[in-house]
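Here's a quick tour for anyone meeting this structure for the first time. We'll begin at the ligand and then move on to a helix.

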Amino acid sequence: MSMNRTGTVRRAAVIGSGVMGAGIAAHLANAGMRVLLLDVVPQALLPEEEKRGLTLASPQVRSRLAQAAVARMAKAQPAPLYEPSFAGRITAGNLEDHLAGLSEVDWIVEAVVERLDVKRSLFERVESVWRPGTIVSSNTSGLSVAEMVEGRSDAFRQHFAVTHFFNPPRYMKLVEVVPTSDTAPEVTALLTALCEERLGKGVVVAKDTPNFIANRIGTYGMLVTLEEGLRFGLTVEEADTLTGPAMGRPKTATFRMLDLVGLDTLLHVVDNVREKSTDAAERETFARPPLLEQLVASGRLGEKSGGGFYRKIKGPKGGSEIESLDLESLAYRPRSSVKGPIIDAAKAAKGTGGKVRALIGTDPKHKYAQFAWQTIKRTLLYSAALVGVIADSITDIDKAMKWGFSWELGPFELWDALGLEKSVARMKAEGDAVPEWVLTWIAEGNGSFYKVLEGKRFVYAGGGGGYAAEELSPDEISLAALKEAGRTVLRTSDASLIDLGDDVVCLEFHSQNNAIGGEILTAIRRTAEEVSKNWRGLVIANDGRNFCVGANLLLLLMEAQNGEWDEVEDIIRMFQSSMLSIKKLDRPVVAAPHRMTLGGGVEACLPADQIIFSPETYFGLVETGVGLIPAGGGSKEAAVMAAARAGGGDIQPHLNALFETVAMAKTSTSGFDVGRIGLKRPQDRVIMRQDARIAEAKRAVLELDRAGYTPQPEARVRVAGREGKAVLRMGVHSLLLGGQISKHDALIGNKLAHVMAGGDAAPGAEVSEQYLLDLECEAFLSLCGERKTQDRMSHMLSTGKPLRN
Ligand code: NAI
């Protein structure tokens with residue numbers, strides 16, 4: 001069989017330009033592929049097409065659907081593209097005029113309506129132009145994979161499988177790859193590698209059963225929540241409060257999520273399982289809930305129809321208000337908040353296991369506790385019954401639920417957190433049928449599905465084989481596992497230095513929100529000393545939710561409010577000297593930020609020799625939002641970048657652009673977008689696979705080391721000086737006159753201009769980095785004394801949002 005390898009899949013086609021087709025096409029373009037996006041030819045003209053004198057034969061009418069989908073991409077929220085210009089990698093067409101184009105691509109993804117007849121006849125047409133070697137995959141949510149390609153040639157079926165993306169494809173990690181018994185193992189392996197390495201997704205290989213893994217269990221969980229919610233007489237808000245973050249699941253919880261998915265779509269999915277199921281109890285659970293049928297019959301489909309379990313209405317004061325459905329009367333009423341000791345206990349508890357134990361155990365007889373236990377218990381038992389049916393391993397089921405439904409813990413991880421033996425004893429006492437394999441596993445003396453030994457996770461292997469070591473790709477470095485294995489080199493309460501092997505260490509932040517405070521700064525300075533003495537190089541990365549949300553403002557605000565200016569200065573100097581110790585380190589340093597990387601987080605990356613961005617990195621010097629300027633070296637680094645970009649030429653245009661970025665607290669919308677806001681240096685780059693960022697950063701450190709690393713020389717920075725400052729300040733002034741910024745914004749802008757232009761230096765003068773740091777410090781101190789800056793800081797601390805005053 002002729003077979004492409006991952007790197008040679010450069011051209012793709014997506015058929016169907018609806019919600020998923022457009023999202024998948026965008027993400028393939030994100031990965032650098034050239035994409036042909038096709039849809040059906042419209043049967044009627046739109047009024048505006050008629051007005052423009054177009055006919056059904058006009059090319060722009062015939063390819064209208066796909067063209068419109070591409071046009072929407074730039075504006076859609078959340079943005080499907082890492083950068084709007086990536087839409088240029090997509091060519092729109094239609095299935096009649098451009099069908100032959102399919103013979104020129106390496107991968108064809110089908111994402112048309114969820115109808116077996118439509119998909120089958122489409123694949124027949126695809127095969128008429130199919131070139132052997134091209135892989136074909138369907139994005140079906142749960143149709144039979146084998147039935148879709150019945151009647152196709154052996155060769156075509158060998159090249160065919162499902163790649164089930166979750167919505168929205170750019171943001172949801174899961175892709176279920178579902179081969180049939182005909183799919184060539186190389187094709188499954190190639191699709192897996194493509195989705196993981198090129199698209200940055202997490203792949204789980206599933207079996208060809210209705211709705212595959214995540215939707216099967218997720219849908220079951222929703223039906224059970226509805227059923228138990230009605231049984232215990234809970235309101236929609238109560239059920240959502242209990243099945244949301246309190247249970248380690250997203251805020252959309254159950255009913256809000258159903259409104260987003262569409263109640264009609266859910267019924268469709270439910271029918272699909274029931275019709276294919278051979279299990280009587282399952283068929284009963286997957287019966288259409290009368291309540292859902294009633295809602296759908298009355299046109300209440302969820303958000304797309306203006307309401308479902310919730311609806312948004314205009315309040316008396318003109319703002320929008322949310323109402324929720326009364327499950328008995330089916331009338332809407334104002335949404336109420338849900339409180340009580342059980343909810344408080346779950347909120348206060350640490351980790352998902354702790355939260356769920358609090359829900360169930362705080363007041364076990366309470367209806368909230370009973371409801372929580374019943375919904376969880378049934379989901380665990382259902383998942384256990386499907387091991388071997390929908391997936392080969394419990395790890396795959398756990399991953400699918402975490403990546404596809406954003407659960408913090410998969411069912412088997414949660415089961416462990418509840419205590420396997422204890423919860424099974426309770427299930428048995430309540431008369432539940434616990435799958436035989438679970439009882440055997442416990443009888444063999446095993447107290448959990450997973451266990452960690454010396455930093456390695458072992459998992460129930462099935463077939464009487466005991467535990468087996470969990471397989472991790474060499475590209476995935478788990479800092480938690482390394483710490484478990486005793487590889488911590490040094491540690492403060494908020495940061496650790498961890499041995500990654502090959503004489504490279506990783507500095508990990510682990511404070512609350514990974515905000516930078518004194519403990520992290522101390523760790524940075526100690527790291528610099530340690531690395532210089534004993535290691536080949538340093539990675540700065542962590543596996544927190546965000547890389548770093550900035551400096552810890554609380555201490556700073558307290559000192560400022562008390563007028564402790566010496567203390568404030570000490571904090572800034574410590575910040576600056578810590579970052580400088582990284583910059584001056586005589587060993588290579590690579591930073592690998594991910595997700596939110598703001599303010600001080602950016603300042604911790606900029607001293608590195610190279611930054612490797614994850615695709616989802618929201619990177620920005622946002623200090624002006626709290627009434628300050630970057631003073632941990634950030635303003636200085638911006639001046640350094642402007643000078644570097646100017647070479648020997650005019651600094652001003654480069655300075656203007658960077659000044660705008662910092663003054664307006666611009667933040668990138670992706671790793672690729674960092675270039676647009678001007679904070680990417682020539683040596684920095686993006687990798688598609690966030691999971692591989694630490695391994696990739698380690699490789700980069702070793703490469704720099706092997707290339708004969710010499711530390712960055714003490715830079716003299718050419719600055720725009722007095723005249724450059726005047727230009728920047730003129731810009732600030734005109735924004736103030738135009739009413740676009742406040743007086744306080746202007747004050748901050750003017751101080752920032754002073755620092756970034758190099759103060760009162762002569763135009764083109766060369767200054768030391770320390771001189772710029774001193775300017776930063778002076779400006780920062782004076783801003784800390786401003787009432788309005790203090791107001792901005794305290795507003796940010798109490799609401800998490802910037803105050804514009
Ligand atoms: P959609 O309704 O937004 O788009 C369907 C597309 O199919 C439209 O562009 C339509 O013009 C095209 N189409 C209709 N009839 C056709 C025909 N006879 N031949 C060729 N194309 C035709 O649907 P959506 O949501 O994008 O779903 C597409 C596929 O993705 C379905 O198989 C669905 O089950 C699956 N899916 C949907 C998810 C979601 O959240 N919406 C999530 C994961 C999978």
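A backbone N or O atom of Val112 sits 3.2 Å from an oxygen atom of the ligand. That's a polar contact, meaning a pair of N or O atoms within 3.5 Å. Here it is alongside two side-chain contacts:

| Residue | Atom of the residue | Distance to a ligand oxygen atom |
|---|---|---|
| Val112 | backbone N or O | 3.2 Å |
| Glu114 | polar side-chain atom | 2.5 Å |
| Asn139 | polar side-chain atom | 3.0 Å |

On its own the ligand exposes 830 Å², and the protein buries 70% of that (areas by the Shrake-Rupley method with a 1.4 Å probe).

A word on the model: it's a predicted one, where local features need pLDDT of at least 70 and side-chain atom pairs count only at pLDDT 80 or more, while totals for chains, interfaces and linings use all residues. Residues are numbered from 1 along each chain as its sequence is written, and side-chain values use heavy atoms, leaving out hydrogens and water.

Back to the ligand: 20 residues surround it, each with a heavy atom within 4 Å. The closest are Met20, Asp39, Glu114, Lys119 and Ser141. Helix 1 (19-30), helix 5 (116-129) and strand 6 (160-165) each supply at least two residues of this shell. Helices (H or I, at least four residues) and strands (E, at least two) are DSSP runs, numbered from the N terminus.

Now for helix 28 (residues 652-663): its end C-alpha atoms are 16 Å apart, in agreement with the 16 Å expected for 12 residues at 1.5 Å a residue (1.5 Å times one less than the number of residues). Just after helix 28 comes Ala665, with a positive phi near 50°.

Notes. A polar contact is a pair of N or O atoms within 3.5 Å; within protein, one must be able to donate a hydrogen and the other to accept it, and residues adjacent in sequence count only if both atoms are side-chain atoms.
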